[in-house]
Amino acid sequence: MFSRAKTTLVDADHALPGRDSDPFQRSDEHVVLGTPVVTDEVPDGHEVAIFGLGCFWGAEEIYWQKKGVWSTSVGYAGGHTGHPSYEEVCSGRTGHTEAVRIVFDPAVVSFADLVKVFFEVHDPTQGMRQGNDVGTQYRSAIYYTSPEQEQVARDLTKVYGDELARRRLGDITTEIRPAAETPYYYAEEAHQQYLAKNPFGYRCHANTGVRFPATH
């Protein structure tokens, strides 16, 4: 049976208090791409995309392989607790998702292409879980960084949702929120590019098996 505490989203009044500053040390360089891991400043002409799609180890690996992606990191988004630890996020008492933050060149790969990958590589109908991973930190989420990203996210969510409905595979539970609503906190060094450092490590790729429909 699922623990109610793990699958009920905590509110701000009951979240852990957290910290005022970042207590964690990280490498300066992405071990796969050779670019910065902490990318509070991004190159001219680049954009940021932030997704929650289950365990962030496997999510980051998928995106760092995409042409046009300049850097990736894993972290915590959409919650209340300041600078949380991995253990705190996994307790369900911070309100965060495990998230991947992607810095990309839209001249090479569009935000729409990244969203289509997002829907294909996880199951957006599962609510507070992905496969055997149960908890609010595994919920499906898109945190948009511009009005244009919001429109794309909502349009493509409808397209994929209609396709899942046609196949009777359930309703999409993906939350779509502005990234600016809550800070993105970089996860600890051990989690950054985890599967490059641990190639036989855990990957959770629950998905519907449905390719994103062709759009015009």
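**Salt bridges and buried contacts**

In the predicted model, R211 is exposed, with a relative accessible area of 62%. The side chain of R211 takes part in a salt bridge with E120, in which the closest N and O atoms are 3.1 Å apart. This pair links distant parts of the chain, since R211 belongs to the segment after α6 and E120 to helix α4, with their positions 91 residues apart in sequence. E120 counts as partly exposed, at 24% relative accessibility; this value lies above the 20% under which a residue is classed as buried. The bridge to α4 is therefore formed by an exposed arginine and a partly exposed glutamate.

Helix α4, which spans residues 111-121, also has a set of buried residues, namely F111, L114, V115, V117, F118, F119 and V121. An α-helix has 3.6 residues a turn, so residues three or four places apart point the same way. The buried residues of α4 pack against both strands and helices. The strands concerned are β1 (47-53), β2 (69-77), β3 (97-104) and β6 (140-144), and the helices are α2 (56-64) and α5 (147-166).

The segment after α6 (194-197) provides a further link, to helix α2. The side chains of R203 and E61 meet in a salt bridge with an N to O distance of 2.7 Å. Here too distant parts of the chain are linked, R203 lying in the segment after α6 and E61 in helix α2, 142 residues apart. With a relative accessibility of 33%, R203 counts as partly exposed, whereas E61, at 14%, counts as buried. The classification of E61 follows because its value is under the 20% limit.

A search of the whole structure finds 12 salt bridges. One of the pairs is local in sequence: E150 and R154 both lie in helix α5, 4 residues apart, or about one turn of the helix. Their closest N and O atoms are separated by 3.0 Å in the salt bridge. Both partners are partly exposed, E150 with a relative accessible area of 23% and R154 with one of 39%. Elsewhere, salt bridges that share partners join R139, E175, R177 and E181 into one network.

Strand β1, against which the buried residues of α4 pack, contains V48. V48 has a relative accessible area of 12% and is therefore buried. The C-alpha atoms of V48 and I102 are 5.5 Å apart in space, although 54 residues separate the two in sequence. When neighbours within four places in sequence are left aside, the contacts of V48 are V42, R101, I102, V103, F104, T145 and Q149.

R101 and V103 recur among the contacts of T39. T39 lies in the loop between α1 (4-7) and β1, and counts as buried at 2% relative accessibility. Its side chain is joined to that of R101 by a polar contact of 2.3 Å. Beyond neighbours within four places in sequence, T39 is in contact with W70, S71, R101, V103 and Y186. R101 is thus in contact with V48 of strand β1 and with T39 of the preceding loop.

How values were computed
Residues are numbered from 1 along each chain as its sequence is written. This is a predicted model: local features need pLDDT of at least 70, side-chain atom pairs count only at pLDDT 80 or more; totals for chains, interfaces and linings use all residues. Side-chain values use heavy atoms; hydrogens and water are left out. Buried means under 20% relative accessible area, exposed over 50%, partly exposed in between (1.4 Å probe, protein chains only). Helices (H or I, at least four residues) and strands (E, at least two) are DSSP runs, numbered from the N terminus. Contact means heavy atoms within 4.5 Å. A salt bridge is a side-chain nitrogen of Lys or Arg within 4 Å of a carboxyl oxygen of Asp or Glu. A polar contact is a pair of N or O atoms within 3.5 Å; within protein, one must be able to donate a hydrogen and the other to accept it, and residues adjacent in sequence count only if both atoms are side-chain atoms.
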